[in-house]
Every structure is written in structure tokens, then in C-alpha cells.
Amino acid sequence: MLPTELLPREAAEPIAGVRQPTDAVRAGADAVLGALPEYRTLFDEHLDGVMAPARAPVPDDLVARARNLKASAYFLDATLAGVCELQPQDWLDADHPPHSHAFVFLVEFSREPQPGEPGAEWIRGTHAERTDLRCAEVAVVLAAYVRALGWSARGHVANSTAGDGAGRTRVDLAALAQRAGVAKAVDGVLAMPFSARGFRVAAVTTDYPLATDLPIAATASLDWPDAATYMGAPGTRPGFEDDELARRPLHLGRYAMERIRRVDAPTTLVLRDEIQRVPKRADLFTRALAGDLGEKARTERTRFAVKHPLAFAMTPLIRGLVPMQGTREPLQPTGFGGDLSDPQRNANAVKALAHVMGADLVGICEAEPWMYYSHDEVEGRPIAPYHRYAVVMLIDQGFETMEGASGDDWISGAQSMRAYLRGATIAGVMAAHVRRMGYSARAHSNAHSELLHLPAVLMAGLGELSRIGELILNPFIGPRSKSVLFTTDLPLAVDKPIDFGLQAVCNACLKCARECPCNAIPFGPKVMFNGYEIWKPDVEKCGKYRLTNMKGSACGRCMKTCPYNREDLVEAERLLWLSIDVPASRRQLIDYDDRTGGGQRNAVKRWWFDLEIVDGVAAKPPAGVNERDLDLTRTAKLAAAQKLAFFPPALQPAGGTTLKEVLPIDRPAGLAAYAAAESPLAARRRRAKGKAGP
């Protein structure tokens with residue numbers, strides 16, 4: 001993240017009595033603070049736990065272990081991380097676990113909004129407690145990860161306002177931050193290198209031996225050493241990034257979505273009156289859980305994304321957040337939250353809060369009735385649409401990690417779970433804040449959602465439908481995102497769909513189809529499916545491969561190899577605007593990506609251990625590891641052999657069907673349905689003549 005390897009180091013004892021940075025202003029009565037305690041309580045309960053019964057085959061090299069744990073922390077968006085040996089004086093309790101090492105990390109504050117800026121009354125004065133919540137999230141996951149490897153570990157976060165409960169830190173965090181070399185004392189307060197913003201400290205103590213770091217030298221300057229470093233020459237976060245973000249209003253976020261053209265209707269046809277609402281039981285992974293895809297898929301459904309110990313470490317929090325998602329019932333305004341009479345002002349405030357909470361992109365749409373599932377999957381209970389608006393957020397799965405991966409190797413599941421956890425926390429806290437203001441609100445996460453995310457992401461203007469199929473592609477982060485949303489009755493101004501020329505690019509580009517391991521992405525044109533115009537993937541092929549992938553955890557190879565999955569700050573940005581402004585240049589984006597090896601694995605970015613949890617123990621994967629790179633020769637062979645099936649509502653479980661009923665997928669009928677699919681052009685002509693759908 002930051003070039004701390006350039007700092008002079010020296011062995012020294014930490015300065016005592018140093019405090020962590022905190023908020024420079026006091027939170028007002030309308031701040032989001034009241035929504036945080038229940039989430040902090042949940043996270044605190046998971047800071048400790050049971051370790052695996054046997055140890056994983058991790059490297060004996062202590063440097064490799066430390067680097068793996070640091071990379072894991074950066075993967076989880078920690079700002080800096082270091083390791084130190086624990087000394088007796090570091091403990092605050094006489095009774096403590098026999099841990100030898102501390103893994104210490106910092107999480108930086110977001111920008112402080114100016115008075116009067118959208119969302120300021122909700123955000124100002126809340127940095128310390130919001131960041132402590134993020135610290136708790138990271139500490140829970142890293143401690144659980146180490147325990148999954150077979151060593152004892154416990155997370156430590158600054159004491160919450162609730163007092164000395166399960167989350168009470170047992171170590172002196174300020175001392176450990178100095179000892180591990182991630183901060184130094186300046187006038188009695190911790191300061192971090194290369195940043196004037198505040199931060200919070202957390203730690204994981206463990207008996208897992210790790211290579212240690214030295215403290216920052218007392219004489220070391222914490223400023224940028226030269227212009228090249230400020231510009232990011234070492235491959236680290238450049239200083240100008242903070243300066244640029246400081247000039248952007250918080251509600252706009254990092255990415256210049258305001259420059260993307262807005263349109264009245266999506267760039268793919270949506271025939272609302274022809275869409276049939278579907279039950280959650282019809283979801284492919286739910287069908288697998290019920291046994292519709294066979295016994296192997298049912299068995300693997302419970303573990304396919306969490307076979308890796310890092311992904312496994314995230315699941316208790318993801319599951320624990322479900323009961324906190326909120327309510328469907330109307331509430332009465334409380335007068336809390338400030339003036340809520342202006343829908344545009346409300347929308348800007350919601351977006352600002354979402355961005356400081358950690359969402360990468362935010363949009364708002366109407367939660368139209370056709371977006372809701374028709375029935376739940378457990379009891380077969382009908383779901384009546386209940387909220388008017390949906391606040392839709394995208395969480396980036398992480399470009400750096402995606403660069404090193406094949407897309408279907410052992411880190412794939414962790415990439416998804418990280419985004420799901422972060423999104424569920426953000427949406428849950430925000431929905432809770434809206435409820436405190438007296439408006440009904442409910443979060444919808446991957447673990448439990450009563451709303452289809454794909455149409456909401458499309459209508460909220462966060463992307464266009466891509467060749468990948470059931471995925472909305474954003475112009476700035478491409479396809480490598482996971483969505484989360486909350487629905488509410490809080491009056492909000494909605495966003496329009498966008499058009500950045502993706503349909504023309506995807507029409508010409510076949511890269512995701514070419515690189516798909518199971519030939520599930522169509523080489524052919526879009527079709528109509530349940531009222532949508534879509535490049536419809538074969539979800540049975542895709543789902544079975546992801547579920548039963550024995551050489552990795554899940555699959556995101558289509559995201560990995562997409563030309564929009566780039567973060568070259570000069571070339572890709574220039575190509576993006578060129579492809580938007582000059583349609584004839586769109587072929588260049590595709591050719592440039594293959595020519596420069598876009599989608600190849602970058603060995604420099606590969607940081608994780610290839611491990612699989614089998615019977616509760618992390619072991620070397622018996623089947624090995626997927627090690628794929630680009631294959632430019634596959635298109636003709638795969639296109640000629642491709643046979644795709646899809647399963648419209650008539651071939652899906654009916655509303656009211658539960659998980660207790662096994663309804664095997666009818667693949668022959670699915671193949672016939674795809675072969676007979678209506679084209680978008682035919683649908684438009686039919687509609688022009690006033691004819692009903694097929």
C-alpha cells in the first residue's frame with residue numbers, strides 16, 4: 001500500500017502513554033454512531049474461537065508467513081501492517097493466552113466532510129468508531145484465518161463504548177503499533193507515514209511464528225521522501241491519490257461516473273410487463289442445495305466458495321449479519337437525521353455515507369415490483385414487494401489480487417466472500433441508520449436477499465449488461481464487483497441507466513467466452529429471456545463448474561480475462577474515454593488487451609497459500625491448482641461445439657416449492673428452449689405490432 005520499506009528502522013522500546021488518533025470534531029445528534037454498536041458487538045464476539053485440530057502445511061520460512069499475513073490484511077483493505085514479538089509489558093491482563101507474536105495493522109480514516117457537504121451531519125465525528133468497526137472486521141477474519149491454519153489467535157481492537165465486553169483489548173495497541181513499525185509517536189499521538197489522515201490500530205496475537213519488523217527510527221521523517229515516491233514509482237499508493245480525492249465531493253465517490261452518459265432506458269431491452277417474478281428456489285445455487293443438480297453438486301454447495309481457509313474465516317460474520325438485515329414494515333419518522341424533505345439531498349447524503357463506509361460505487365433506483373423474488377426458498381412464503389427505493393452498491397473484488405490469480409484458483413472464493421462481507425456490513429449499518437430516522441429499510445446481501453440484484457444494478461446506472469451474461473459491467477472496475485443493496489421508503493432521487501458503448505464492445509469481443517473453462521458463455525448473439533435482452537449464459541454448466549471445481553474455489557475467470565478488468569492508470573483510462581467518445585476505437589480496446597497480455601497471471605501479485613479445508617483441516621489440495629493463462633486458439637473450436645441451455649420460469653421450480661423437494665433440471669428442455677429463443681429484434685417487431693410474448 002505505502003512505501004514503508006524506505007523508512008529508516010532501529011530497535012527501540014515504544015514510548016509509553018501514547019494514544020491513537022481520534023475525531024477532530026464531536027459527532028452531532030444526527031450521526032450514524034447509533035447504528036454501530038450492534039455490529040461491533042457481533043464482531044467482538046468472533047475475535048476469538050476454536051482453532052483447527054491439525055496444522056496446515058504452510059512454509060517454514062517465517063518471512064513467507066509474515067508476507068502472506070500482510071498481504072491478507074491488505075486484501076482486506078488495511079492500510080499498513082507489521083509484526084512484532086510480544087513483551088510481558090504489552091499485555092494489559094495478567095491472565096492472557098501464551099502468544100508470542102502480534103500482527104498489527106492500521107486502517108486509515110476516510111476524508112472528513114466539510115460542514116454543509118452532503119451527508120456531513122451523518123458522518124462528521126464518527127471516524128474513530130466507524131474505523132474501529134472496520135478494524136474489528138479485519139481482526140476477526142485474520143484471527144480466524146490463523147486458527148484455521150492450526151495456530152491459536154485472538155483479535156484485539158480498541159475498546160468499544162459498550163465497555164469491557166468480549167471485544168475488550170488485552171494488549172496495548174499503541175505500544176504494539178510502535179513496536180511493529182507501522183506508526184511512531186509524535187507529541188503523544190500515533191502518526192503513520194505518508195498520510196496526514198487519522199487511523200485506528202488493531203492487532204492479532206498468536207503463537208504462529210512470524211518474521212518481525214523493526215520500529216520506525218526516532219529520527220525518521222514521515223513525509224514523502226521525493227517526487228518519484230509521491231507519484232507511486234515503487235509500485236505503491238501514490239500521494240496524489242489522496243489529494244485528488246480530497247477535491248471530490250464525498251457523494252460522487254472515487255470514480256467519475258458523472259462523466260458517463262445517462263439514458264432514459266437501459267441499453268438492453270427490458271419488457272417489464274413480460275417479466276415473470278421467480279421464487280428464490282429457482283436460483284441455481286439454491287437448486288444445487290436442494291439436490292436438483294445431483295448429489296455431488298449438493299455436497300459441494302455447502303463448501304465451494306469457502307474451501308480456502310481465508311474465505312472460511314469470513315463466513316461466521318456473513319451468516320451472523322443476516323438476522324440484522326432489517327424490517328419490511330412501515331415506520332414513523334422520528335425527527336432524527338436532519339431535514340429529510342428533499343429526495344435529492346437525501347440521495348446525496350446516502351451516497352456520501354456509503355462511500356465513507358467502504359462502497360466503491362453507489363446508485364439508486366426504484367425497487368420495482370418485478371425486481372422482487374416471488375417466494376422464499378425455505379417455507380415457500382410469498383414475498384409481496386414492500387419498499388419503493390433501492391440503494392445499490394458495488395464492492396470491488398480487488399484488482400491486485402485478480403492480477404495474480406487465474407480466476408478459478410484457490411483465492412477466487414475469498415475474493416467473493418470479502419466483497420460479500422464488506423457489502424453486508426455497509427448495507428446493514430446504513431439500513432439501521434435509516435430505520436433510526438423512522439423509515440423502513442432492509443439490507444439484501446448474498447447470504448439473504450429478497451430482491452434480484454442484477455436488474456437493480458442495471459437500473460441504478462452502475463453499469464451495462466455484458467456478454468458474461470448475468471453480470472453488470474461497470475466502466476471503471478469492469479466486471480470484478482459484487483453487489484449489495486438495501487431497500488427503503490426514505491424519499492430518494494433515483495439515477496438513470498448509463499450508456500458507455502459496452503454493447504458494441506461486447507458484441508465484438510469474445511474473450512470471456514473464449515476463456516470460460518466450461519464453455520458456458522455464448523459466442524452468439526443476445527436473446528430474450530423472461531422479458532430481458534441478454535447474452536444468456538448456460539447457468540447449469542457455469543454453476544456445476546463453480547460448485548465442483550476441484551482445483552480451486554469457485555470461479556471468476558470471466559472477470560479475470562475481461563478487457564475492462566484493468567487498472568493501468570494511464571493507458572486504460574485513456575482507452576476507456578477513447579472507446580466512449582470514438583466508437584470506431586472500440587476494437588482497439590479489445591486488441592490492446594490481448595496484445596498486452598491482459599488476463600495473464602502476474603506472478604508478482606500472487607500472495608496466498610494454495611490450501612483446501614478438508615474435514616476441518618487446511619491441507620494441500622489433493623487435485624492441485626488451476627494454472628490457466630490466455631489461449632487465443634480456443635474460439636473456433638469452442639464456438640463450433642457450444643450447446644447452451646437456459647431455463648425460463650416454466651422450467652424452474654414453481655413458487656411455493658421448498659428445499660425439501662428435489663426437482664431435477666430438465667436439460668433437454670433447456671436446450672430446446674435456448675434453440676427456440678426469441679431474438680431482441682423479433683421482440684421489438686412483435687411489440688410494435690401489439691402482440692403478446694411467446
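**Cysteines, cores and a helix pair**

Cysteine 512 has a relative accessibility of 8% and therefore counts as buried. In this predicted model, the sulfur of cysteine 512 has its closest cysteine sulfur in cysteine 509, at 6.5 Å, which is too far for a bond. Cysteine 518 is also classed as buried, because its relative accessibility is 18% and the cut-off for buried is under 20%. For cysteine 518, the closest cysteine sulfur belongs to cysteine 516 and lies 3.8 Å away; this is too far for a bond, because a disulfide requires sulfur atoms within 2.5 Å. The structure as a whole holds zero disulfides.

The largest nonpolar core comprises 114 residues. The residues with the most contacts inside this core are Phe103, Phe105, Leu142, Leu310, Met314, Met393 and Phe486. When residues up to four places away in sequence are not counted, methionine 314 touches Phe75, Leu76, Val141, Ala414, Met417, Arg418 and Leu421. A second core, separate from the one described above, has 71 residues, including Tyr373, Val457, Leu462 and Phe476.

Leu142 also takes part in a contact between two helices. Helix H2 spans residues 62–75 and helix H4 spans residues 127–149. Their axes are 10 Å apart, and the helices pack at an angle of about 145°. The crossing of H2 and H4 is right-handed. On the H2 side, the contact is made by Asn68, Leu69, Ser72 and Ala73, and on the H4 side by Leu142, Tyr145 and Val146. Sorted by class, the contact of H2 with H4 has five nonpolar residues, two polar residues and no charged residues.

Note on methods
Residues numbered from 1 in each chain as written. Predicted model: local features only at pLDDT ≥ 70, side-chain atom pairs only at ≥ 80, totals over all residues. Heavy atoms only, no water. Core = buried A, V, L, I, M, F, W, Y, C linked by side-chain atoms within 4.5 Å. Buried < 20%, exposed > 50% of the residue type's maximum accessible area, 1.4 Å probe, protein only. Contact = heavy atoms within 4.5 Å. Axes fitted to C-alpha atoms, helices over the stretch in contact; angles between N-to-C directions. Helix = DSSP H or I, 4+ residues; strand = E, 2+ residues; numbered from the N terminus. Left-handed = near helix turned anticlockwise from the far one by under 90°. Nonpolar A, V, L, I, M, F, W, Y, C, P; charged D, E, K, R; others polar.
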